[in-house]
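Subject: The structure I promised you

Hi,

Here is the structure we talked about. Have a look at it first, then read on for what turned up.

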Amino acid sequence: MTAIEVRGLRKSYGATTAVDGVSFTVAQGEILGVVGPNGAGKTTTVECLIGLRRPDAGQVRVLGLDPERRRRELAERVGAQLQESEVPAGLRVAEALRLFAAFYRRPDNWRAVLERWGLTPIADQAFGKLSGGQKQRVQLALALIGAPELVVLDELTTGLDPIARRDTWTLIGDLRASGTTVVLVSHFMDEVAALCDRVVVLTRGRVGAMGSPQQLTADAGFDSLEAAYLALMREGR
Ligand SMILES: Nc1ncnc2c1ncn2[C@@H]1O[C@H](COP(=O)(O)OP(=O)(O)OP(=O)(O)O)[C@@H](O)[C@H]1O
Ligand SMILES: [Mg+2]
């Protein structure tokens, strides 16, 4: 089954064209990587997927629904960890998890989530006083508390220490095993190569390349996705 279908997506902010005719599909249970330089339109694209932005043109279907019209229904089924944080600074970690869990019909047990994500030692700290990496862990836990069918993660591991980053990879592996569909925006090619079934490379609002990490690497004649990506970016300049 198709979890996400995007056809001819366009989105501008005034005179800036952020997304300029992007099309891709994601199968249920697939892990899709979205990569590309700063300003390529990655965040704008994923924001359109979760109904946070209204496309100027094109069609978007998420779990068969139009995110613009069925945002509330999708909010029950889609978890998101966004680049811009929206957790109130005064909210304590445990409170945030309990509060977010209450939004869902069938949430995970928030105490178990606290434990699973190593958040128990900071359970009583206010979100605003956490370190960048701690905030990120909390946000990931919040994205998953509703036991979503699809998770959108925008630069999930940016700012995490190397161990936390690897822990996160393991957790994404667990998501894969549970059949959850994942859209992972990332600047780390090692991460994308290790985790993703397929990758969409965005450049200036367009799809510059698409395929499995192995395909993209081999097509470019390199032995790592990072080298293939860098070559693709130099070519596109
Ligand atoms: N709220 C906004 N208002 C105006 N312009 C915006 C807004 N958000 C993004 N843009 C512009 O749209 C373009 C795409 O931005 P977007 O955030 O989607 O890129 P990105 O690929 O996520 O970049 P990054 O890797 O830096 O996160 C950029 O030129 C950016 O300046
Ligand atoms: Mg972004």
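Let's begin with a charge and a ring: Arg165 lies over the face of Phe188, at 4.6 Å from the ring centre. Keep in mind as you read that this is a predicted model.

While we're on rings, the structure holds one aromatic pair. The partners are Phe100 and Phe103, with 5.5 Å from centre to centre and 55° between the planes, and the pair is tilted. Why does it count as tilted? Planes under 30 degrees apart would be stacked and over 60 edge-to-face, so the 55° of Phe100 and Phe103 falls into the remaining class. Is Phe103 buried or exposed? Phe103 is exposed, because its relative accessible area is 51% and the cut-off for exposed is over 50%.

**The ligand**

Now zoom in on ligand 1. There are 15 residues around it, and Gly39, Gly41, Lys42, Thr43 and Thr44 come nearest. Sorted by type, the shell around ligand 1 has four nonpolar, eight polar and three charged residues.

Which side chains have a polar atom close to an oxygen atom of ligand 1? Here are three to find on your screen:

- Thr44: a polar side-chain atom lies 2.6 Å from an oxygen atom of ligand 1.
- Lys42: here the distance from a polar side-chain atom to an oxygen atom of the ligand is 2.7 Å.
- Asn38: an N or O atom of its side chain is 3.0 Å from an oxygen atom of ligand 1.

How much of ligand 1 does the protein bury? Taken alone, ligand 1 exposes 640 Å², and the protein buries 64% of that. Two elements give two or more residues each to the shell around ligand 1: β2 (16–27) and α1 (42–49). The largest share, three residues, comes from α1.

**Helix α1**

That helix deserves a second look. Seven of the eight residues of α1 are buried, so the helix is largely enclosed by the rest of the structure. The buried ones are Lys42, Thr44, Thr45, Val46, Glu47, Cys48 and Leu49. You have met two of those already: Lys42 and Thr44 each have a polar side-chain atom by an oxygen atom of ligand 1. After α1 comes Gly51, and its phi is positive, near 80°.

**Two more positive phi values**

Positive phi also turns up in residues other than glycine. Leu63 has a phi near 50°, and you'll find Leu63 in the loop between β4 (57–62) and α2 (71–77). Leu63 counts as buried because its relative accessible area is 12%, and the cut-off for buried is under 20%.

The other residue to look up is Glu155, with phi near 55°. Glu155 sits in the loop between β6 (150–154) and α6 (162–177). Is Glu155 buried or exposed? Its relative accessibility is 11%, so Glu155 counts as buried.

**Some distances to try**

If you want to practise with the distance tool, here are a few C-alpha pairs.

Start with Gly14, in the loop between β1 (2–13) and β2. Gly14 is exposed, with a relative accessible area of 76%. From Gly14 to Tyr104 there are 90 residues along the chain, and their C-alpha atoms are separated by 36 Å.

Next, go to Ala164 in helix α6. Ala164 is buried, at a relative accessible area of 3%. Its C-alpha atom is 23 Å from that of Leu91, and the two residues are 73 apart along the chain.

Then try Val182, in strand β7 (residues 181–185). Val182 has a relative accessible area of 0%, so it is buried. Val182 and Cys196 are 14 residues apart along the chain, with 8.8 Å between their C-alpha atoms. Where is Cys196? Look in the loop between α7 (189–195) and β8 (198–203). Cys196 counts as buried too, at 6% relative accessibility. From Cys196 you can also go to Leu142: 54 residues apart in sequence and 22 Å apart in space, C-alpha to C-alpha.

Have fun exploring!

Definitions and conventions: Residues numbered from 1 in each chain as written. Chains lettered and ligands numbered in written order. Predicted model: local features only at pLDDT ≥ 70, side-chain atom pairs only at ≥ 80, totals over all residues. Heavy atoms only, no water. Phe/Tyr/Trp six-rings, centres within 6.5 Å; stacked < 30°, edge-to-face > 60°. Buried < 20%, exposed > 50% of the residue type's maximum accessible area, 1.4 Å probe, protein only. Lys NZ or Arg CZ within 6 Å of the ring centre and 35° of its normal. Near = heavy atom within 4 Å. Polar contact = N/O pair within 3.5 Å; in protein donor to acceptor, adjacent residues only side chain to side chain. Areas by Shrake-Rupley, 256 points an atom, 1.4 Å probe, with all protein chains shown as cover. Helix = DSSP H or I, 4+ residues; strand = E, 2+ residues; numbered from the N terminus. Nonpolar A, V, L, I, M, F, W, Y, C, P; charged D, E, K, R; others polar.
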